[in-house]
Amino acid sequence: MWFVFALLSAVFAALTSILAKAGIEGVNSNLATAVRTVVVVFLAWGMVFLTHKQGGIADISKKSWLFGKLTFGGIY
């Protein structure tokens, strides 16, 4: 079942990118990507608060935080 969700996620991610670019003509692609990213972040946090799972942040292990730091370290 996870394979179906993963496939659907990939399809919708591709469609989102294509439709967003078509809908935002004349705008720098980096700006368009930044706007889409902000929308996704707000929606993701909205789901966290809607499901009342925000308390789970304290349960994230130091190892997981370190992995996140190493994974996204190139962004800083």
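Which residue just after α2 takes a positive phi? Keep that in mind while walking through this predicted model; the stop at the end of α2 gives the answer.

**Helix α1**

Start by selecting residues 2-23, which form helix α1. Within this helix, pick Leu7. Leu7 has a relative accessible area of 49%, so it is partly exposed, the limit for exposed being over 50%. Next, move to Ala14, also in helix α1. Its relative accessibility is 38%, and Ala14 therefore counts as partly exposed.

From Ala14, draw a distance to Ile57, C-alpha to C-alpha: the two are 30 Å apart in space and 43 residues apart in sequence.

**The nonpolar patch**

Now switch to a surface view and select Met1, Trp2, Phe3, Val4, Phe5, Leu7, Leu8, Val11, Phe12, Leu15 and Leu19. Together these residues make a nonpolar surface patch of about 1,200 Å². Leu7, visited above, is one of them.

**Aromatic pairs**

Go back to sticks for the rings. A pair of aromatic rings is described by the distance of the centres and the angle of the planes. Ring centres must lie within 6.5 Å to pair, and by this rule the count comes to two aromatic pairs. Select Trp2 and Phe3: their ring centres are 6.1 Å apart and their planes stand at 85°, so this pair is edge-to-face, the cut-off being over 60 degrees. Trp2 and Phe3 are both exposed, and both also belong to the nonpolar patch.

For the other pair, select Trp45 and Phe49. Here the centres are 6.0 Å apart and the planes meet at 40°, which makes the pair tilted. Trp45 and Phe49 are both in helix α2, four residues apart, or about one turn of the helix. An α-helix has 3.6 residues a turn, so residues three or four places apart point the same way.

How exposed are the two residues of this pair? Trp45 is partly exposed at a relative accessible area of 40%, and Phe49 is partly exposed at 46%.

**Helix α2, end to end**

Select residues 29-50 to show all of α2. The helix has 22 residues and spans 31 Å from its first C-alpha to its last, close to the 32 Å expected at 1.5 Å a residue.

At the N-terminal end of α2, select Asn28 and Asn30. Asn28 caps this end, with a side-chain oxygen 2.6 Å from the backbone nitrogen of Asn30.

Past the other end, select His52, the residue asked about at the start: just after α2, His52 takes a positive phi of about 55°. This is a positive value in a residue other than glycine. His52 lies in the loop between α2 and α3. With a relative accessibility of 65%, His52 is over the 50% limit and so counts as exposed.

**Helix α3**

Finish with residues 62-71, helix α3. Select Thr71, which is found in this helix. Thr71 is partly exposed, at a relative accessible area of 42%. As a last distance, join the C-alpha atoms of Thr71 and Val48: they are separated by 22 Å, and the residues are 23 apart along the chain.

Terms used. Residues numbered from 1 in each chain as written. Predicted model: local features only at pLDDT ≥ 70, side-chain atom pairs only at ≥ 80, totals over all residues. Heavy atoms only, no water. Phe/Tyr/Trp six-rings, centres within 6.5 Å; stacked < 30°, edge-to-face > 60°. Buried < 20%, exposed > 50% of the residue type's maximum accessible area, 1.4 Å probe, protein only. Helix = DSSP H or I, 4+ residues; strand = E, 2+ residues; numbered from the N terminus. Expected span 1.5 Å × (residues − 1). Polar contact = N/O pair within 3.5 Å; in protein donor to acceptor, adjacent residues only side chain to side chain. Patch = residues over 30% accessible without salt bridge, like charges linked within 9 Å, V, L, I, M, F, W, Y side chains within 5 Å. Areas by Shrake-Rupley, 256 points an atom, 1.4 Å probe, with all protein chains shown as cover. Salt bridge = Lys/Arg side-chain N within 4 Å of Asp/Glu carboxyl O.
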